Amino acid sequence: MDDSNNTAGLVALFSGLVSAGAFKFYESVLKNKRDSEKETQVERAKYRNDLIKRVEKLEGERDQHLKFLMDLRGEVAALKVEVTYLQRENRKLHRDSPH
Amino acid sequence: MQIREYLRTYRDIFVYHDYQPLLLFWNIADLANNRVLWMSYSEAIDNGMEWAYFQYCLYFVVALGMLFTLPWLESCVKFVGAYLLLYIFSTTRFLVKVATDPEFAANPDIGRSLVVTGVYFTLWVWIYTKMRVELAHRRVDG
């Protein structure tokens with residue numbers, strides 16, 4: 001009877017220690033996994049913030065270029081009108097000049 | 001395919017379903033079934049069951065602890081762990097007795113007892129594992 005008690009006590013003690021160790025190990029593995037997930041999330045957030053900044057900058061540049069293009073189109077239109085008038089005047093001068 | 005689905009539902013029950021209602025009913029049944037409530041210490045001495053009575057007392061205290069700490073996982077898991085250790089202790093004693101005492105091993109009820117003990121052991125390991133895993137997740141996730 002004493003032998004069975006000792007054996008049972010040892011088995012119970014061993015099981016307790018092994019299970020405590022196993023669950024500690026599981027907890028540490030889980031913690032490492034969560035930490036790496038958090039790191040990845042932080043990196044993703046950084047990348048996203050960087051992308052937002054870059055898009056804002058590019059949109060600002062696009063607006064500037066659009067304004068520049070609009071001004072340029074206005075100037076081109078004015079120059080076209082001027083050229084038309086100049087050509088018309090030139091033709092008139094050619095016609096009226098004595099040879 | 002249908003049999004596969006059917007078996008998968010059992011696996012899902014095993015993996016995803018909660019243990020608390022089972023633990024609650026088991027505790028109530030275990031406390032009500034405990035010999036400490038139905039037998040005095042002097043009766044146990046008369047029947048040569050001093051050691052068993054002491055063991056039943058331990059089971060009773062641990063089951064009470066489980067019952068009253070059920071809403072607090074961190075405390076309850078300690079009592080479940082203690083219950084499991086007690087269970088391992090008594091089961092190992094039983095197995096050693098089966099292995100060393102041929103007269104005891106010749107009892108026709110031994111096979112049935114071994115099967116029931118195995119099922120109960122699996123049940124307690126399942127409950128304890130689920131609780132520890134839940135506790136680990138709570139600790140890690142804050």
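In chain B of this predicted model, a helix pair offers a good place to start: B:Leu23, B:Asn27, B:Asp30 and B:Leu31 of α2(B) are in contact with B:Phe60, B:Ala63, B:Leu64, B:Met66 and B:Leu67 of α5(B). Sorted by class, this contact comprises seven nonpolar residues, one polar residue and one charged residue. The polar member is B:Asn27 and the charged one is B:Asp30, because Asp counts as charged, whereas Asn falls among the others. Both of these residues belong to α2(B).

The geometry of the pair can be described just as readily. Helix α2 of chain B covers residues 20-33, and helix α5 of chain B covers residues 50-68. Their axes come within 9 Å of each other and cross at roughly 145°. The crossing of α2(B) past α5(B) is left-handed.

Stepping back to the whole chain, the secondary structure of chain B consists of eight helices, with zero strands. The order along the sequence is accordingly α-α-α-α-α-α-α-α, and the pair described above takes α2 and α5 from this series.

The overall dimensions of chain B round out the picture. Chain B has a radius of gyration of 18 Å, while a compact globule of 142 residues would have one near 14 Å. Along the principal axes, the C-alpha atoms of chain B fill a box of roughly 50 × 40 × 25 Å. Of the 142 residues in chain B, 17% are buried. Among the contacts in chain B with a separation of 6 or more, 63% join residues 24 or more positions apart.

Technical notes
Residues are numbered from 1 along each chain as its sequence is written. Chains are lettered from A and ligands numbered from 1 in the order in which they are written. This is a predicted model: local features need pLDDT of at least 70, side-chain atom pairs count only at pLDDT 80 or more; totals for chains, interfaces and linings use all residues. Helices (H or I, at least four residues) and strands (E, at least two) are DSSP runs, numbered from the N terminus. The radius of gyration is taken over C-alpha atoms; the globule rule is 2.2 Å times the number of residues to the power 0.38. A residue is buried if 20 or more other C-beta atoms lie within 10 Å of its own, exposed if 12 or fewer, and partly exposed in between; C-beta atoms are placed from the backbone. Two residues are in contact if their C-beta atoms, placed from the backbone, lie within 7 Å. Axes are lines fitted to C-alpha atoms, for helices over the stretch in contact, and angles run from 0 to 180 degrees between N-to-C directions. A crossing is left-handed if the near helix is turned anticlockwise from the far one by less than a right angle, and right-handed if clockwise.
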